[in-house]
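Dear colleague,

I am handing over the structure we spoke about, and you will find it just below. After it I have set out what was found, beginning with the protein as a whole and then turning to individual places in the chain.

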Amino acid sequence: MPLESSASLTSISPLDGRYYKKTLALTTICSELGLMRYRVQVEIAWFIMFCEHSEIPELTPLTSSEKKFLEALIANFSISDAQEIKNIEATTNHDLKAVEYYLKKHFSQHPELVSKIEFIHFACTSEDINNIAYALMLKDCRDIVLLPLMQQLYSTLSHLAQNYKSISMLARTHGQPASPTTLGKEIANVCYRFKRQIEQFKSIPILAKINGAVGNFNAHLSAYPEINWTKTAELFIHSLDLEWNPFTIQIEPHDALAEYLHVLLRFNTILLDLNRDLWGYISIGYFQQKTLEGEIGSSTMPHKINPIDFENSEGNLGLANSLLSHFAEKLPISRFQRDLTDSTVLRNLGTAIGYCLIAYQSTLKGLSLLTPNIENIRQDLDQQWAVLAEPIQTVMRRYAIMNAYEKLKALTRGQHINQQDIQNFIETLAIPESAKSYLRALTPASYVGNAIHMTEQLEKYCSLLE
């Protein structure tokens, strides 16, 4: 039986079952396999740092043979290696110590590395390795998986904004008819919101530390008091393209991680807002959905084409944000110098990111199936001539006509007003003919302010955020 078919039927979580293919990009990053691979990478990188850049007299620079061997341990890390570590953990009951023993076993197979085995995991507490492993995991999640999809959402909407920039539509504040806008401008508003969060997400520093059991290099200095361990740690963290945190307890305090999660949560909230608006516009006929051959909308109503992609996205965003919010609130809190409550929580980071992944893909699919129903949008505008009460009373105010607002309120509020009613009222106004001419020419479709121009300027304004 194919892996995905088996997983679909036996997995407890839909991330590994029903949505297996949608979350495939995370399987080598956020899985137990991925975490082990990052741990192995960090342990080996720390060992190489000692050999190549430290002042430890017992170690010599690595030979080309040693380097190739170590590089292969990282590059060729596989399921069988992960299983080997799990087998060791069955005895140690300590996942990080199992990684250390796994590496010692493999180092012993290389004649030049045998004498250096005790410098594996040297002076480290488990959290020294774990916090860097998770930092690398989050960096890859952001750069390889999340940002490309976030950028795709932004680009897709930006393209639609330009395509629809001149489609006038009725706005609905409080769900009621309001001053007209354009379909493109409403999409452009979301683009700008997305861009702000994307740029913030890119700029969030991913912090890490490697300073021992309570953050003071106690063990390091006991063995080599002459070494500048602060400088060594900083160089090491930067060599992994991470930001160094010089002040920590046993754990890296996770403040920057909370910032990372909060930006992701805000992006998701904006996307959820978009999903609900698109759902609403579909329900009032502003958008048509393309039919897919063989797809069924309802088991009893054959005519249905439901906005399932936007609904699916909304549901998964709710799950993601619930987890992200809990992570951001919980992870920066640790009793005294360390408690273990963050450990099990961190193991679920991939779950939250998996729900994000499903949501982003669902919205993108939904967008690809939408077509504006121009006729319905136009007819809706034509039924709402009362929205011109705003510009008329504003022009009246310019020319000092008393009680302008109240006069338009009496004419329009709760009334069904048509074009002729508006034209008749304009003719009664004691305002210059040029102003009357402007108001006569005004229609709900043309009363869109600078919506078209602002949409055309979207790229310029978004570029200022970079």
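**Charge and overall form**

The protein carries 41 positive and 50 negative side chains, and the centres of these two sets lie 7 Å apart. Please keep in mind while reading that this is a predicted model, and that the values below are computed from it.

As for secondary structure, the protein has 20 helices and 6 strands. Its radius of gyration is 30 Å, whereas the globule rule gives 23 Å for 466 residues, and because the value from the model is well over that figure, the protein is more spread out than a compact globule. The box filled by the C-alpha atoms, taken along the principal axes, is roughly 100 × 55 × 40 Å.

Of the 466 residues in the protein, 50% are buried. The accessible surface comes to about 22,800 Å², and carbon and sulfur atoms account for 53% of that surface. If one takes the contacts between residues at least 6 apart in sequence, 77% of them join residues that are at least 24 apart.

**The β1–β2 hairpin**

Strand β1, which covers residues 168-173, pairs with strand β2, residues 176-182, in the antiparallel sense and over 5 bridges. The two strands form a hairpin with 2 residues between them, and in the turn H174 has a positive phi of about 60 degrees. Within this pairing, M169 stands opposite T181 in β2, while R172 stands opposite P177 in β2.

**The loop between α18 and α19**

The loop between α18 (433-441) and α19 (451-456) holds V448, and A445 is found in that loop between α18 and α19 as well. What does V448 touch, once residues up to four places away in sequence are not counted? The list is S168, P180, T181 and T182, and of these T181 is the residue that M169 stands opposite in the hairpin. V448 has a relative accessible area of 12%, which is under the 20% cut-off, and therefore it is buried.

A445, by contrast, has a relative accessible area of 36%, so it is partly exposed. Leaving aside its neighbours within four places in sequence, A445 is in contact with S168 and L381, and S168 also appears among the residues that V448 touches. The C-alpha atoms of A445 and T181 are 8.4 Å apart in space, although 264 residues separate the two in sequence. For V448 and R378, which are 70 residues apart in sequence, the C-alpha to C-alpha distance is 13 Å.

**G350 and T28**

G350 lies in helix α13, which spans residues 349-368. Is G350 buried or exposed? It counts as buried, because its relative accessibility is 14%. When its neighbours within four places in sequence are left aside, G350 is in contact with L26 and C30; its C-alpha atom is separated by 8.7 Å from that of C141, a residue 209 places away along the chain.

T28 lies in the loop between α1 (3-10) and α2 (32-53). With a relative accessible area of 44%, T28 is partly exposed, and its contacts, again leaving aside neighbours within four places in sequence, are with G34 and R37. From T28 to S78 the C-alpha to C-alpha distance is 9.8 Å, and the two are 50 residues apart in sequence.

**Two asparagines with positive phi**

Two further backbone angles may be worth checking in your own viewer. N93, a residue other than glycine, has a positive phi near 55 degrees, and N403, which is not a glycine either, has a positive phi of about 55 degrees. N93 is found in the loop between α4 (79-92) and α5 (95-107), whereas the place of N403 is in the loop between α15 (389-398) and α16 (404-412). As to accessibility, N93 counts as exposed because its relative value is 68%, while N403, at 48%, counts as partly exposed.

With kind regards

Methods
Residues are numbered from 1 along each chain as its sequence is written. This is a predicted model: local features need pLDDT of at least 70, side-chain atom pairs count only at pLDDT 80 or more; totals for chains, interfaces and linings use all residues. Side-chain values use heavy atoms; hydrogens and water are left out. Two strands pair if DSSP finds at least two bridges between them. Helices (H or I, at least four residues) and strands (E, at least two) are DSSP runs, numbered from the N terminus. The radius of gyration is taken over C-alpha atoms; the globule rule is 2.2 Å times the number of residues to the power 0.38. Buried means under 20% relative accessible area, exposed over 50%, partly exposed in between (1.4 Å probe, protein chains only). Contact means heavy atoms within 4.5 Å. Accessible areas come from the Shrake-Rupley method with a 1.4 Å probe; for residues, only the protein chains shown count as cover. Lys and Arg count as positive and Asp and Glu as negative; His and the chain ends are not counted. The place of a charge is taken as NZ of Lys, CZ of Arg, CG of Asp or CD of Glu.
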